[in-house]
Amino acid sequence: MESVLFTYQEKFRKEDEKLFMEVRKLKEGNRENFENVYKLSEKYIYSVIYRIIQDNDRTADLMQETYLQIYNKIDTLENEERFLVWAGRIATNITLRYIQKSRREILPSEEEEDFIFEKASDDKEKFIPEDIILNKEKK
(Lines give C-alpha, C1' and ligand atoms only; values in the text may rest on other atoms or scores of the structure.)
Protein backbone atom coordinates (compact mmCIF):
# COMPACT_ATOMS: atom_id res chain seq x y z
CA MET A 1 0.00 0.00 0.00
CA GLU A 2 2.80 2.41 0.84
CA SER A 3 4.39 1.94 -2.58
CA VAL A 4 1.12 2.87 -4.32
CA LEU A 5 0.81 6.00 -2.19
CA PHE A 6 4.44 6.90 -2.82
CA THR A 7 4.01 6.45 -6.58
CA TYR A 8 0.86 8.60 -6.49
CA GLN A 9 2.61 11.37 -4.53
CA GLU A 10 5.65 11.22 -6.81
CA LYS A 11 3.47 11.55 -9.93
CA PHE A 12 1.70 14.65 -8.62
CA ARG A 13 4.92 16.19 -7.32
CA LYS A 14 6.40 15.93 -10.82
CA GLU A 15 3.26 17.47 -12.38
CA ASP A 16 3.36 20.33 -9.87
CA GLU A 17 7.03 20.97 -10.61
CA LYS A 18 6.25 21.05 -14.32
CA LEU A 19 3.44 23.55 -13.69
CA PHE A 20 5.70 25.75 -11.55
CA MET A 21 8.36 25.73 -14.27
CA GLU A 22 5.79 26.75 -16.92
CA VAL A 23 4.43 29.51 -14.68
CA ARG A 24 7.96 30.80 -14.10
CA LYS A 25 8.59 30.94 -17.87
CA LEU A 26 5.24 32.68 -18.38
CA LYS A 27 6.12 35.29 -15.76
CA GLU A 28 9.46 35.87 -17.49
CA GLY A 29 7.55 36.96 -20.58
CA ASN A 30 7.38 33.77 -22.63
CA ARG A 31 3.67 34.00 -23.47
CA GLU A 32 3.73 30.75 -25.47
CA ASN A 33 3.87 28.88 -22.15
CA PHE A 34 0.35 30.00 -21.31
CA GLU A 35 -1.11 26.99 -23.16
CA ASN A 36 0.98 24.63 -21.02
CA VAL A 37 -0.09 26.42 -17.85
CA TYR A 38 -3.70 26.05 -18.98
CA LYS A 39 -3.35 22.33 -19.69
CA LEU A 40 -1.66 21.66 -16.37
CA SER A 41 -4.18 23.60 -14.25
CA GLU A 42 -7.51 23.34 -16.09
CA LYS A 43 -8.89 20.41 -14.07
CA TYR A 44 -8.29 22.20 -10.81
CA ILE A 45 -9.78 25.51 -11.99
CA TYR A 46 -12.77 23.69 -13.50
CA SER A 47 -13.44 21.91 -10.20
CA VAL A 48 -13.21 25.16 -8.20
CA ILE A 49 -15.76 26.91 -10.42
CA TYR A 50 -18.05 23.90 -10.88
CA ARG A 51 -18.33 23.33 -7.12
CA ILE A 52 -19.76 26.82 -6.77
CA ILE A 53 -21.92 27.16 -9.88
CA GLN A 54 -22.79 23.50 -10.74
CA ASP A 55 -23.48 24.24 -14.40
CA ASN A 56 -21.16 22.97 -17.15
CA ASP A 57 -21.88 25.75 -19.65
CA ARG A 58 -21.46 28.55 -17.14
CA THR A 59 -18.33 26.86 -15.78
CA ALA A 60 -16.78 26.90 -19.25
CA ASP A 61 -17.60 30.61 -19.65
CA LEU A 62 -16.21 31.45 -16.22
CA MET A 63 -13.07 29.41 -16.89
CA GLN A 64 -12.45 31.50 -19.98
CA GLU A 65 -12.82 34.69 -17.97
CA THR A 66 -10.58 33.26 -15.23
CA TYR A 67 -7.76 32.37 -17.60
CA LEU A 68 -7.98 35.77 -19.24
CA GLN A 69 -7.54 37.33 -15.79
CA ILE A 70 -4.65 34.96 -15.02
CA TYR A 71 -2.96 35.91 -18.29
CA ASN A 72 -3.33 39.63 -17.59
CA LYS A 73 -2.32 39.46 -13.91
CA ILE A 74 0.44 36.82 -13.97
CA ASP A 75 3.02 39.50 -13.09
CA THR A 76 1.35 40.01 -9.71
CA LEU A 77 1.99 36.40 -8.66
CA GLU A 78 4.87 36.49 -6.21
CA ASN A 79 5.58 32.78 -5.72
CA GLU A 80 5.14 30.28 -8.56
CA GLU A 81 4.54 27.49 -6.07
CA ARG A 82 1.39 29.29 -4.91
CA PHE A 83 -0.01 29.45 -8.45
CA LEU A 84 -2.89 27.04 -7.88
CA VAL A 85 -4.02 28.85 -4.73
CA TRP A 86 -3.73 32.22 -6.49
CA ALA A 87 -5.56 31.01 -9.62
CA GLY A 88 -8.21 29.27 -7.50
CA ARG A 89 -8.88 32.54 -5.67
CA ILE A 90 -9.26 34.36 -9.01
CA ALA A 91 -11.69 31.67 -10.19
CA THR A 92 -13.67 31.88 -6.94
CA ASN A 93 -13.90 35.68 -7.06
CA ILE A 94 -15.01 35.73 -10.70
CA THR A 95 -17.64 33.06 -10.00
CA LEU A 96 -18.98 34.86 -6.94
CA ARG A 97 -19.14 38.15 -8.86
CA TYR A 98 -21.10 36.35 -11.60
CA ILE A 99 -23.58 35.03 -9.02
CA GLN A 100 -24.03 38.50 -7.50
CA LYS A 101 -24.55 40.04 -10.92
CA SER A 102 -27.10 37.42 -11.95
CA ARG A 103 -29.03 37.94 -8.69
CA ARG A 104 -29.19 41.69 -9.30
CA GLU A 105 -30.71 41.04 -12.72
CA ILE A 106 -33.47 38.97 -11.10
CA LEU A 107 -34.50 41.72 -8.68
CA PRO A 108 -36.55 43.90 -11.08
CA SER A 109 -39.09 41.10 -11.60
CA GLU A 110 -39.37 40.71 -7.82
CA GLU A 111 -40.07 44.44 -7.54
CA GLU A 112 -43.03 44.03 -9.91
CA GLU A 113 -44.53 41.43 -7.56
CA ASP A 114 -44.13 43.86 -4.64
CA PHE A 115 -45.96 46.48 -6.70
CA ILE A 116 -48.96 44.16 -6.98
CA PHE A 117 -49.14 43.91 -3.20
CA GLU A 118 -48.78 47.67 -2.79
CA LYS A 119 -51.57 48.25 -5.28
CA ALA A 120 -53.85 45.82 -3.49
CA SER A 121 -53.19 47.38 -0.09
CA ASP A 122 -53.85 50.89 -1.45
CA ASP A 123 -57.38 49.90 -2.37
CA LYS A 124 -60.05 50.58 0.18
CA GLU A 125 -61.50 47.16 -0.52
CA LYS A 126 -60.64 44.00 1.33
CA PHE A 127 -57.36 42.34 0.48
CA ILE A 128 -58.02 38.90 -1.01
CA PRO A 129 -55.08 36.69 -2.08
CA GLU A 130 -57.20 35.08 -4.80
CA ASP A 131 -57.42 38.49 -6.53
CA ILE A 132 -53.64 38.59 -6.90
CA ILE A 133 -53.61 35.10 -8.40
CA LEU A 134 -56.39 36.04 -10.81
CA ASN A 135 -54.53 39.23 -11.83
CA LYS A 136 -51.41 37.21 -12.57
CA GLU A 137 -53.40 34.75 -14.66
CA LYS A 138 -54.92 37.60 -16.69
CA LYS A 139 -51.44 38.83 -17.62
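# Salt bridges and core of a five-helix model

Trainee: Glutamate 17 and arginine 13 both lie in helix 1 (residues 2-27), four residues apart, or about one turn of the helix. How far apart are the closest N and O atoms of their salt bridge?

Mentor: Keep in mind that this is a predicted model. Side chains of opposite charge can pair when their charged atoms come close. The cut-off for a salt bridge is 4 Å between nitrogen and oxygen. For glutamate 17 and arginine 13, the closest N and O atoms are separated by 2.7 Å.

Trainee: Is glutamate 17 buried or exposed, or does it fall in between?

Mentor: Buried means under 20% relative accessible area, and exposed means over 50%. Glutamate 17 has 42%, so it falls between the two limits. Its partner, arginine 13, is also partly exposed, at 40%. The class for glutamate 17 is partly exposed.

Trainee: How many salt bridges does a search of the whole structure find?

Mentor: The pair of glutamate 17 and arginine 13 is one salt bridge. Lysine 39 and glutamate 35 form another, at 3.2 Å from N to O. Lysine 27 and glutamate 80 form one as well, at 3.8 Å. The search of the whole structure gives a total of four.

Trainee: How many residues apart in sequence are the parts that lysine 27 and glutamate 80 tie together?

Mentor: Lysine 27 and glutamate 80 form a salt bridge. Lysine 27 is in helix 1, while glutamate 80 is in the loop between helix 3 (56-73) and helix 4 (83-122), so the pair ties together parts whose separation in residues is 53.

Trainee: Which of these two partners counts as buried?

Mentor: Use the 20% cut-off for buried. Lysine 27 has a relative accessible area of 23%, so it is partly exposed. At 15%, the buried partner is glutamate 80.

Trainee: What separates lysine 39 and glutamate 35 along helix 2?

Mentor: The side chains of lysine 39 and glutamate 35 meet in a salt bridge. Both residues lie in helix 2 (residues 34-53). Because they are four residues apart there, the separation is about one helical turn.

Trainee: Which residues do salt bridges with shared partners join into one network?

Mentor: Lysine 27 already pairs with glutamate 80. Shared partners bring one further name into that network. The members are Arg24, Lys27 and Glu80.

Trainee: Where is the kink in helix 2 centred?

Mentor: The kink is about 55 degrees. Buried residues of helix 2 include Phe34, Val37, Ser41 and Ile45. After the helix comes glutamine 54, with a positive phi near 50 degrees. The kink itself is centred on serine 41.

Trainee: Which helix gives the most to the largest nonpolar core?

Mentor: That core has 22 residues. Val23, Ile45, Ile49, Ile70, Ile74, Phe83 and Trp86 touch the most other members. Helix 1, helix 2, helix 3 and helix 4 each give two or more residues to the core. With seven residues, the top contributor is helix 4.

Trainee: Which residues does valine 23 touch, leaving out those up to four places away in sequence?

Mentor: Valine 23 is one of the core residues that touch the most other members. One of its contacts is also the salt-bridge partner of lysine 27, glutamate 80. The full set is Val37, Ile74, Leu77, Glu80 and Phe83.

Trainee: What percentage of the residues in the protein is buried?

Mentor: The protein has five helices and zero strands. Its accessible surface comes to about 10,900 Å², with 50% belonging to carbon and sulfur atoms. Of its 139 residues, the buried share is 25%.

How values were computed:
Residues numbered from 1 in each chain as written. Predicted model: local features only at pLDDT ≥ 70, side-chain atom pairs only at ≥ 80, totals over all residues. Heavy atoms only, no water. Buried < 20%, exposed > 50% of the residue type's maximum accessible area, 1.4 Å probe, protein only. Areas by Shrake-Rupley, 256 points an atom, 1.4 Å probe, with all protein chains shown as cover. Bend = angle between axes of the 7 residues up to and from the residue. Core = buried A, V, L, I, M, F, W, Y, C linked by side-chain atoms within 4.5 Å. Contact = heavy atoms within 4.5 Å.
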